[in-house]
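These are my notebook entries on one structure, kept in the order in which I looked things up. The chain and its model come first, and my reading follows.

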Amino acid sequence: MAHQPIPFTPNLSVKPDVVAFFDQPTNTISYIVKDPNSLSCAVIDSVMDFDYASGAISYEGADRIIGHIEQHGWTLEWLIETHVHADHLSAAPYIQSRLGGKLGIGDQICVVQDTFGKIFNEGTAFQRDGSQFDRLFRDGDSYQIGTMTAHALFTPGHTPADMIHVIGDAVFVGDTLFMPDGGSARADFPGGDARTLYRSIQRLLSLPDAMRLFMCHDYGPNGRDIQWETTIAEQREHNIHVGHGTTEDEFVKMREDRDRTLSMPKLIIPSLQVNMRAGQLPPAEDNGATYLKVPINGLTKPKE
Ligand SMILES: [Fe+2]
């Protein structure tokens, strides 16, 4: 089956200013995307600082983003999550409480909430309808950042709810592709699927050659410095997992073989419980304190 066509015409004459913030503990890159023709901006995939060993949370990374926006007098219109991250906790509610803006994610978040609501035995108090977010994007949906029209594109596979965001000539790819020498994101989380990911990547790569692509993660493979920006043309030519016309079956075998060797991300258990709540912590208990659960054997991979 071929990938779905792109349901809008990309406008490469719009060139947003992109400011990247690298979070070293989780190898995540967060972005401010700024309209060159107004003061409006969006923040994509922000990170809360979390020290699992002590249970301490803090916001140094988010404060850097807030400081940059305040210092330039910009207006935050959107906080975008490309998906429910399993490797870091979102700082979107904290940034929103300081700067305003609407929080958006893909509408298939409901599937993710249902899956992890069960794994963490959340009960009926935890809504699984995406109502914790301000906007649930469907495939092809558009939204405004000042004078720029942004589009969400449904690109599942890494999780069932991934959206990439196309804003002028810039594409925020979330966890679909990594830099060309990093390949692609894993597809073995609950609801992930390598074949689906391949089709989503082909859809992404059907965008125009010159588009700038911004990664959500980089791990500096083979000792190189951290990088986060590439192009469609570079990915199509050089990506080690999907470049050079790799077939769907070749990709699925490679991805599934590789995923079997990967351990779970260090912060997956706290990340899921917070990110499925749009970055909010679980409700406080009757002593006023807040807790996260550890589901014993709840996230182990099926034995083959
Ligand atoms: Fe991810």
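In what order do the six strands of the open sheet that includes β9 follow one another, and is the pairing mixed? I found the order β9-β10-β11-β12-β13-β14, with mixed pairing. Before going further I noted that this is a predicted model, in which local features need pLDDT of at least 70 and side-chain atom pairs count only at pLDDT 80 or more, while totals for chains, interfaces and linings use all residues. I also noted that residues are numbered from 1 along each chain as its sequence is written, and that side-chain values use heavy atoms, with hydrogens and water left out.

Entry on the sheet with β9. I took strands as DSSP runs of E with at least two residues and helices as DSSP runs of H or I with at least four, both numbered from the N terminus, and I counted two strands as paired if DSSP finds at least two bridges between them. β9 (142-145) and β14 (229-231) stand at the edges with a single partner strand each, so one side of each is left without a neighbour in the sheet. The twist averages 30° from one strand to the next, where axes are lines fitted to C-alpha atoms, for helices over the stretch in contact, and angles run from 0 to 180 degrees between N-to-C directions. Within this sheet I followed β11 (residues 163-167) and β12 (residues 170-172), which pair in the antiparallel sense over three bridges; Ile-167 has Ala-170 of β12 as its bridge partner.

Entry on the sheet with β1. Here six strands form an open sheet of mixed pairing, in the order β1-β2-β3-β6-β7-β8. β1 (17-23) and β8 (135-137) are at the edges, each with a single partner strand, so one side of each has no neighbour in the sheet. Neighbouring strands are turned by 25° against each other on average, direction ignored. β1 and β2 (residues 28-34) run antiparallel and are joined by seven bridges, and I found Asp-17 bridged to Lys-34 in β2.

Entry on the parallel pairs. β3 and β6 pair in the parallel sense over five bridges, with Ser-40 opposite Thr-75 in β6. β6 and β7 also run parallel, joined by three bridges, and Trp-78 stands opposite Lys-102 in β7. The chain crosses from β6 through α2 to β7 in a right-handed β-α-β crossover (with the strands pointing away from the viewer, the path from the first strand over the helix to the second runs clockwise).

Entry on Ser-30. I placed this residue in strand β2 and read it as buried, with a relative accessible area of 4% (buried means under 20% relative accessible area, exposed over 50%, partly exposed in between, with a 1.4 Å probe and protein chains only). A polar atom of the Ser-30 side chain lies 2.6 Å from the backbone oxygen of Asp-45.

Entry on the iron ion. Which residues are its protein donors? I found His-83 (NE2), His-158 (NE2) and Asp-175 (OD), lying 2.1 to 2.3 Å from the ion; donors are N, O and S atoms within 2.8 Å of the metal (3.2 Å for Na, K and Ca), and sites may look incomplete because water is not among the atoms. Along the chain the donors follow the spacing H-x74-H-x16-D. His-83 lies in the loop between β6 and α2 and Asp-175 in the loop between β12 and α4 (194-205), so this pair ties together parts that are 92 residues apart in sequence. Both His-83 and Asp-175 are buried.

Key: Polar contact = N/O pair within 3.5 Å; in protein donor to acceptor, adjacent residues only side chain to side chain.
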